[in-house]
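Reader: Hi! I'm new to this one, could you walk me through it?
Author: Happy to, let's bring it up and talk.

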Amino acid sequence: MFILTEKPSVAHHFLTELRDVAVQRDPMRFRRNLERLGEILAYEVSKALIYSQVLVETPLGTSKSLQLQQSPVLATILRAGLPFHQGFLNVFDRAECAFVGAYRSAHHEGETFEIELNYLSSPDLTGKTLILIDPMLATGKSLEKSYRALLRFGIPDRTHVVAAIAAPEGLAYLRERMPECRLWLGAVDAQLDHNYYIVPGLGDAGDLAFGPKL
Ligand code: URA
């Protein structure tokens, strides 16, 4: 498991702004900070991908270089995942993309909930590297359900799961249910609250990026 904020870097600054209620009043800055965090985490995941040696012609000679053997498939859960996903797409600019629409079924405060899927699109995943991108890893239920639904499109060679902020409960859930996946996290917070939101977290990432829903 990789945790970006274990070492000091500008990623802390982006996360601090993402959490700050004063800065959150600017949705464009919120989206852009999620995107910037996505770019940094994409770079970290890139260190685990496979590269081929190539010879590249420069105007002045030939350079021995490396290039990605295969672009990953970037999969995102709508709608909060979109700005984070864009950060990954900025780095893996030739990536194919998969999208999952997932929402929590109506539930009363403090009760458990199910995840309903209402949209799914994906390229063939057979033999590919899948990067599952979700800014908030809370219970892990929507990630697991999305992952299982995506496997209908083929079995990837390897899967990386990336979150900006994770709760220990969600991490334990994914470790048990998806042990084949490698985890990449911005930060790990204290716990979930009675509504399954991450504390301290940052609130509702979808609402902060795109406005409140009915
Ligand atoms: N989704 C969010 O946007 N925030 C949380 O804290 C948990 C899930």
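**Around the ligand**

Author: Let's begin with a contact: a polar backbone atom of Ala205 lies 2.8 Å from an oxygen atom of the ligand. Keep in mind that this is a predicted model.

Reader: Thanks! And how much of the ligand does the protein bury?
Author: The protein buries 88% of the 240 Å² that the ligand exposes when taken alone.

Reader: Which backbone atom of Ile198 comes up to the ligand, and how far away is it?
Author: It is a backbone N or O atom of Ile198, 2.7 Å from an oxygen atom of the ligand. Gly203 has a polar backbone atom 2.8 Å from a nitrogen atom of the ligand.

Reader: Nice. Which residues surround the ligand?
Author: Arg104, Met136, Ala138, Tyr196, Tyr197, Ile198, Gly203, Asp204 and Ala205 surround the ligand. Sorted by class, this shell has six nonpolar residues, two charged ones and one polar one.

Reader: What kind of space does the ligand take?
Author: The ligand takes the space of the largest pocket.

Reader: Switching topic: how many disulfides does the structure hold?
Author: The structure holds zero disulfides. Cys97 is in no disulfide, and the nearest cysteine sulfur, in Cys181, is 18 Å away.

Reader: Why is there no bond for the sulfur of Cys181?
Author: Because the closest cysteine sulfur, in Cys97, is 18 Å from the sulfur of Cys181, too far for a bond. A disulfide needs the two sulfur atoms within 2.5 Å.

Reader: And is Cys181 buried or exposed?
Author: Cys181 counts as buried, at 11% relative accessibility. Cys97, on the other hand, is partly exposed, with a relative accessible area of 24%.

Technical notes: Residues are numbered from 1 along each chain as its sequence is written. This is a predicted model: local features need pLDDT of at least 70, side-chain atom pairs count only at pLDDT 80 or more; totals for chains, interfaces and linings use all residues. Side-chain values use heavy atoms; hydrogens and water are left out. Buried means under 20% relative accessible area, exposed over 50%, partly exposed in between (1.4 Å probe, protein chains only). A residue is near a molecule or strand if one of its heavy atoms lies within 4 Å of it. A polar contact is a pair of N or O atoms within 3.5 Å; within protein, one must be able to donate a hydrogen and the other to accept it, and residues adjacent in sequence count only if both atoms are side-chain atoms. Accessible areas come from the Shrake-Rupley method with a 1.4 Å probe; for residues, only the protein chains shown count as cover. On a 1 Å grid over the protein atoms alone, a cavity is a set of points where a 1.4 Å probe fits but cannot get out, and a pocket is an open set with protein on both sides within 12 Å along at least five of seven lines; lining residues have an atom within 4 Å of a point. A molecule sits in a cavity or pocket if more than half of its atoms lie within 2 Å of its grid points. Ala, Val, Leu, Ile, Met, Phe, Trp, Tyr, Cys and Pro count as nonpolar, Asp, Glu, Lys and Arg as charged, and the others, Gly among them, as polar.
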